[in-house]
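Here are my notes on the cavities and the ligand site. Please read them beside the coordinates.

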Amino acid sequence: MYEYDWSSIPGALPFLAHGMRVSLEITAVAIVVGIVWGTMLAVLRLSSVKPLAWLAAGYVNLFRSVPLVMVLLWFFLIVPQFLQDLFNLGRATDTRLVSAMVGFALFEAAYYSEIIRAGIHSVGQGQIAAAHALGMTRGQALRLVVLPQAFRNMVPLLLTQAIILFQDTSLVYVSALADFFGAAYKVGERDGRIVELLLFAGAVYFVLCYAASRLVRRLQRRAAA
Amino acid sequence: MISLRNVSKYYGDFRVLADCSTEVRKGEVIVVCGPSGSGKSTLIKCVNGLEPFQRGEIIVDGVSVGDRKTNLSRLRARVGMVFQHFELFPHMTVAENLVIAQTKVLGRRREEALAKGTKLLERVGLEDQADKYPGALSGGQQQRVAIARALCMDPICMLFDEPTSALDPEMINEVLDVMVQLAKDGMTMIVVTHEMGFARKVAQRVIFMDHGRIVEDDQTESFFRSPRSARARQFLSKILRD
Ligand SMILES: Nc1ncnc2c1ncn2[C@@H]1O[C@H](COP(=O)(O)OP(=O)(O)O)[C@@H](O)[C@H]1O
Ligand SMILES: [Mg+2]
């Protein structure tokens with residue numbers, strides 16, 4: 001019978017909290033950049049300039065067709081080189097956090113762009129006709145009438161995607177970056193208590209994500225009412 | 001003010017509009033009627049360039065709608081349009097619906113736009129609804145706001161596409177009353193509607209469409225007294241009965 005020993009957790013809490021900060025930072029950056037870039041991709045795909053539309057579609061399909069962990073590894077390998085060359089940083093500078101943020105943001109943008117594209121399609125043709133009939137240009141109609149409604153219709157999906165994203169940040173452990181999951185794993189390895197630490201980390205992820213998804217559902221019901 | 005010369009429009013091989021010609025003078029009110037699918041909506045959407053057409057010519061206040069060089073946004077800003085399903089912007093309050101195009105399209109100052117919006121809300125009898133969202137209004141109220149929104153742009157003419165056909169019967173009159181008043185104030189109007197009472201009251205002419213053609217284009221009195229085509233007679237007897 002395995003003897004559980006949770007004693008290494010209390011002392012490791014500051015380290016774990018720092019890991020949580022890293023996870024949340026990556027999540028926040030990926031959400032913001034992902035939604036902005038994803039919106040641009042969604043709009044580009046509707047562009048009447050065909051090559052632009054194709055490029056955007058190609059980007060989205062590429063990122064949606066490769067595993068996230070591969071994208072991350074790829075960014076851990078190439079972005080550091082790039083940053084070091086660009087800013088003349090020493091080889092020792094730790095760029096893993098930035099790499100993780102860039103990797104997640106570019107990857108998530110593909111998913112966000114699909115959500116926003118669906119949101120744009122959920123806005124009726126009549127709304128666009130009304131905007132044009134008032135003299136709005138295509139750009140104005142998009143900015144003032146279509147996108148605000150697209151976002152509003154898609155809030156639950158955007159939030160759900162953010163929750164998934166938060167869970168996925170644990171994949172940065174491939175770079176040995178101490179996000180929350182990575183930190184827990186390190187503590188477990190150090191103290192020979194991997195099982196306890198992984199159970200603890202799992203419980204924390206569960207509580208946070210479950211609470212967040214309950215909140216999303218509440219929001220959704222309120223919006224429907 | 002508005003003239004259509006031999007306008008034809010196709011969806012692929014399907015001809016939606018066939019050789020449509022008519023003239024609308026300043027201050028005139030024209031009612032367009034005809035069976036569903038006869039091309040009425042398409043016809044008035046061609047007038048403000050919401051739908052492109054392949055043949056013929058449409059001139060609105062001296063501007064050729066079909067000309068590639070025409071700035072369609074600028075033209076549309078001067079032509080009001082009211083839709084069957086209102087199409088108020090649901091994410092904005094009534095006041096914001098009235099202000100948005102005034103500020104963003106006409107470049108008016110916000111206070112000026114708000115004052116204009118308030119004045120027109122009064123005109124349609126909804127001055128106390130400015131801060132509500134469209135979803136909180138009845139259909140008839142929404143359509144009156146939509147009319148006010150179009151009027152905020154100081155249009156040279158107004159196009160109506162079945163403005164009352166999505167409304168509960170008890171709300172039709174509140175919208176028609178606003179339109180009658182507008183007509184009496186001298187607005188140039190093209191109104192797609194089956195409300196023949198409205199046509200008799202304010203329309204100078206009635207256009208009857210069938211299969212994309214303008215079959216009749218008559219003075220209102222003679223249209224009702226003696227429609228020339230069998231199709232129009234049949235249509236009239238059907239809608240006047242119910
Ligand atoms: N986007 C479209 N593609 C193909 N056919 C269309 C399209 N829009 C309308 N039509 C057809 O054009 C005809 C005229 O439509 P419409 O102008 O809406 O008629 P009405 O307003 O008189 O009911 C109908 O037969 C309709 O099916
Ligand atoms: Mg129609």
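1. Ligand 1 is surrounded by B:Tyr11, B:Phe14, B:Val16, B:Pro35, B:Ser36, B:Gly37, B:Ser38, B:Gly39, B:Lys40, B:Ser41 and B:Thr42 (a residue is included if one of its heavy atoms lies within 4 Å). This is a predicted model: local features need pLDDT of at least 70, side-chain atom pairs count only at pLDDT 80 or more, and totals for chains, interfaces and linings use all residues. Residues are numbered from 1 along each chain as its sequence is written, chains are lettered from A and ligands numbered from 1 in the order in which they are written, and side-chain values use heavy atoms, with hydrogens and water left out.

2. Polar contacts (pairs of N or O atoms within 3.5 Å) involve both side chain and backbone. A polar side-chain atom of B:Tyr11 is 3.4 Å from a nitrogen atom of ligand 1. On the backbone side, a polar atom of B:Gly37 lies 2.7 Å from an oxygen atom of the ligand, and a backbone N or O atom of B:Gly39 lies 3.0 Å from an oxygen atom of ligand 1. Of the 560 Å² of accessible area that ligand 1 has on its own, the protein covers 58% (Shrake-Rupley method, 1.4 Å probe).

3. In chain B, β2 and α1 each give two or more residues to the shell around ligand 1 (elements are DSSP runs, helices being H or I of at least four residues and strands E of at least two, numbered from the N terminus). The largest share, three residues, comes from α1(B). By class, the shell has four nonpolar, six polar and one charged residues (Ala, Val, Leu, Ile, Met, Phe, Trp, Tyr, Cys and Pro count as nonpolar, Asp, Glu, Lys and Arg as charged, and the others, Gly among them, as polar).

4. There are two cavities of 30 Å³ or more (a cavity is a set of points on a 1 Å grid over the protein atoms alone where a 1.4 Å probe fits but cannot get out, and lining residues have an atom within 4 Å of a point; a volume is the space filled by probe spheres set on the points). The largest holds about 100 Å³. Its lining has 16 residues, and A:Ala133, A:Leu134, B:Gly80, B:Met81 and B:Ala150 lie nearest the centre. β6(B) supplies the largest share of this lining, four residues.

5. The second largest cavity has a volume of about 40 Å³. Among its lining residues are B:Leu4, B:Thr22, B:Val24 and B:Ile207. The lining divides into eight nonpolar, one polar and no charged residues.

Methods: 1 Å grid on protein atoms, 1.4 Å probe; cavity = no way out; pocket = protein on both sides within 12 Å on 5 of 7 lines; lining within 4 Å. Polar contact = N/O pair within 3.5 Å; in protein donor to acceptor, adjacent residues only side chain to side chain.
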